[in-house]
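This report covers the overall build of one chain and the annotated spans of another. The sequence and structure come before the description.

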Amino acid sequence: MRALTRTCASVLQDLRAQPLRAIVTVVAMLVGVLAVVAVTVAGAVTEGLVIAKSEQEVARETTYSVDLTARGGNSDADAFWDALSARIPTDHVGLAMLESRTIWPEPAAGLDAGTPVTVWVVQGDYRAIRRLPLLDGAWPNAGTSRPPVAAANLAAARLLDDSFTFRERTQGVLAVTGTVADGEPAPNLYIDWDVAHLMFPSPVQRESIRVLVRVDHADPTPVRRAAEAAATSTGWTVQAVERHDQIAGIRDELQLVRTAFLICGGIALLVAALGIVNIGLSTIGQRSRELSIRRAVGARRLDLLLLVLGNALAQAVLAAGAAVAIAWVAVAVVVPRAVPPESALDAPTLPWTTVAVALLAAGSTAVIGSLLPAIRAARIDIAAVLRD
Amino acid sequence: MTATTATLQTLHVDDVHHVVPTVQGDLTLLHGASFTIAAGETAAIMGRSGSGKTTLLSIVGLMLRATRGEVVIAGQPTSRLSDAERARLRNQTLGFVFQGYSLVPHLTAAENVALPLSYGPAVSSAERRAAAQLLEMVGLGHAARRYPRHLSGGEQQRVAIARALVRSPGLLLADEPTGALDVATGEAVLDLLLDVARARGTSVLVVTHDEAVAARTGRRLLIVEGRLSEDQAACAP
């Protein structure tokens with residue numbers, strides 16, 4: 001421990017040896033490290049944002065859509081739902097059935113006559129399928145309250161009063177209980193399946209329904225089996241079970257871009273390492289007498305090796321610290337502006353792995369760049385101190 | 001060699017040869033040099049440039065390995081020691097004063113004095129305080145935080161003397177210690193070197209071509225074309 005402390009003290013003293021060169025080395029290293037950190041941070045932040053947006057607008061990861069068509073005239077959506085709920089694998093994390101209707105709020109609500117609003121009739125836990133942050137109020141629960149309640153997206157919330165009359169096939173009143181951010185510009189309302197029964201004589205208009213199932217794995221087989229079994233007993237036919245979310249595709253595309261940029265970052269690091277070799281060899285040449293003196297007063301070859309390596313590593317820590325600080329400021333300032341306010345998504349923060357990536361990139365550059373100078377320092381001719 | 005003899009003999013050089021290969025064939029720089037320095041003794045090795053005195057000092061200072069022969073320092077034969085063991089011996093048993101500009105430029109005077117403490121066994125805070133006192137002893141307590149570029153040549157050499165003594169070595173090796181100084185400063189530095197060494201019981205071996213410097217030591221060895229001998233003329237009454 002004492003040896004380590006003494007080596008660290010020597011390394012810190014040694015930073016004073018060539019301050020300008022130390023600064024140049026740190027800057028050279030910073031350029032390369034910053035490139036790698038930027039790729040890492042931009043990749044993580046972009047991934048976080050794009051995926052969050054996709055989860056909001058489409059579905060969370062590993063969500064499957066099950067499309068069904070009615071077989072004959074006695075197909076019952078509620079019966080299918082109950083049958084599927086009983087059969088679905090216990091490891092599912094979200095299950096929802098959707099049906100959309102269009103209503104026309106009365107002009108008295110402040111709307112132009114004929115402005116349509118889409119009502120999403122939801123069975124199950126739809127917010128486990130899509131990222132739908134509540135901006136205020138509450139998500140409409142099942143119940144028999146009068147008037148029926150719905151959650152509005154931002155576009156609908158701007159248009160509608162808290163309670164309004166609408167026209168569909170019949171006239172009704174709907175109360176808005178909460179505002180939800182769904183990332184969509186068109187006005188949407190979300191209403192519970194059971195509540196929809198109060199509003200609409202028959203919620204399911206079409207001869208087809210769609211169920212969304214989110215599981216925690218990428219194998220659709222258990223979902224398909226459960227859906228087919230439930231469909232057979234309730235008069236439906238499974239048309240397709242497909243991956244509904246777009247996360248995997250987004251990840252693949254981002255990974256491709258990230259790899260390309262990482263290669264550029266790696267090249268920048270390599271150039272930095274070559275610069276450090278150049279500066280290091282030149283420095284060792286100029287410090288040969290000093291290094292001989294150190295050997296004369298008792299330094300081992302290993303001590304000089306560690307001195308040069310330690311010096312480079314200390315500079316690497318400075319470069320990594322600067323890179324992380326720049327990345328932190330960039331993320332804190334730039335990223336919040338890139339998140340649309342209406343999305344209500346949290347701006348991604350600097351991932352903690354940035355520190356590890358910066359230290360790893362800077363450390364490996366320092367070691368690669370200073371190894372040759374360190375070996376040359378360790379081999380310095382000690383007797384030269386008497387000849388010069 | 002008995003233990004008592006080993007203790008009394010700080011340095012024993014026995015039949016040291018040094019040969020270097022050249023394009024014209026092997027060149028012998030030292031022809032069987034042998035001598036002993038007793039504890040507390042001061043001696044000078046005199047010779048012209050190219051006579052082999054720097055090679056001999058390099059071998060005695062464990063900076064260069066002799067082709068043949070043995071150097072015994074404080075009873076410890078050194079010819080078979082590893083590089084790390086030789087570094088340890090240099091650190092703890094030997095002190096060096098070089099010819100000018102031998103301070104580490106980016107370290108303060110105090111840090112230069114303490115430089116040998118950065119290597120070898122760990123030191124106590126008392127030993128660190130002793131390093132500071134050494135700087136006082138050479139009259140540079142006020143310059144502890146100055147860098148070498150702010151010190152005169154004489155002051156730098158005094159710092160070098162303090163550094164050479166910081167591990168309390170048994171033998172101090174000085175290579176032309178006044179070579180880069182004017183006469184008056186050189187004399188003052190030499191006075192300091194010998195006085196401090198005498199006060200601490202440290203043996204001193206000075207390599208010089210300067211008669212005046214050699215005359216200040218108790219014994220003179222002459223080296224001519226790699227052959228070492230006692231300077232009988234100097235020893236004569």
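Accessible areas here come from the Shrake-Rupley method with a 1.4 Å probe. On that basis, chain B exposes about 10400 Å², and carbon and sulfur atoms supply 52% of this area. The model is predicted.

**Chain B**

The secondary structure of chain B comprises 9 helices and 10 strands. Its radius of gyration is 18 Å, close to the 18 Å that the globule rule gives for 237 residues, so chain B is as compact as a globular protein of that length. Along the principal axes, the C-alpha atoms of chain B fill a box of roughly 50 × 40 × 40 Å.

Of the 237 residues in chain B, 52% count as buried, where buried means under 20% relative accessible area. Among contacts in chain B between residues at least 6 apart in sequence, 70% join residues at least 24 apart. Chain B carries 22 positive and 22 negative charges, and the mean positions of these two sets are 6 Å apart.

**Chain A**

An unreviewed UniProt entry lists residues 20-45, 260-281, 302-330 and 350-372 of chain A under "transmembrane region". Two of these spans, residues 20-45 and 350-372, are described in the table.

| Span in chain A | Distance between end C-alpha atoms | Helix | Strand |
|---|---|---|---|
| Residues 20-45 | 35 Å | 100% helix | 0% strand |
| Residues 350-372 | 35 Å | 87% helix | 0% strand |

Residues 20-45 of chain A are thus 100% helix in the model, while residues 350-372 of chain A are 87% helix.

How values were computed:
Residues numbered from 1 in each chain as written. Chains lettered and ligands numbered in written order. Predicted model: local features only at pLDDT ≥ 70, side-chain atom pairs only at ≥ 80, totals over all residues. Heavy atoms only, no water. Helix = DSSP H or I, 4+ residues; strand = E, 2+ residues; numbered from the N terminus. Rg over C-alpha atoms; globule rule 2.2 N^0.38 Å. Buried < 20%, exposed > 50% of the residue type's maximum accessible area, 1.4 Å probe, protein only. Contact = heavy atoms within 4.5 Å. Lys, Arg positive; Asp, Glu negative; His and termini not counted. Charge placed at Lys NZ, Arg CZ, Asp CG, Glu CD. UniProt positions renumbered as here; feature names shortened; annotations may be inferred.
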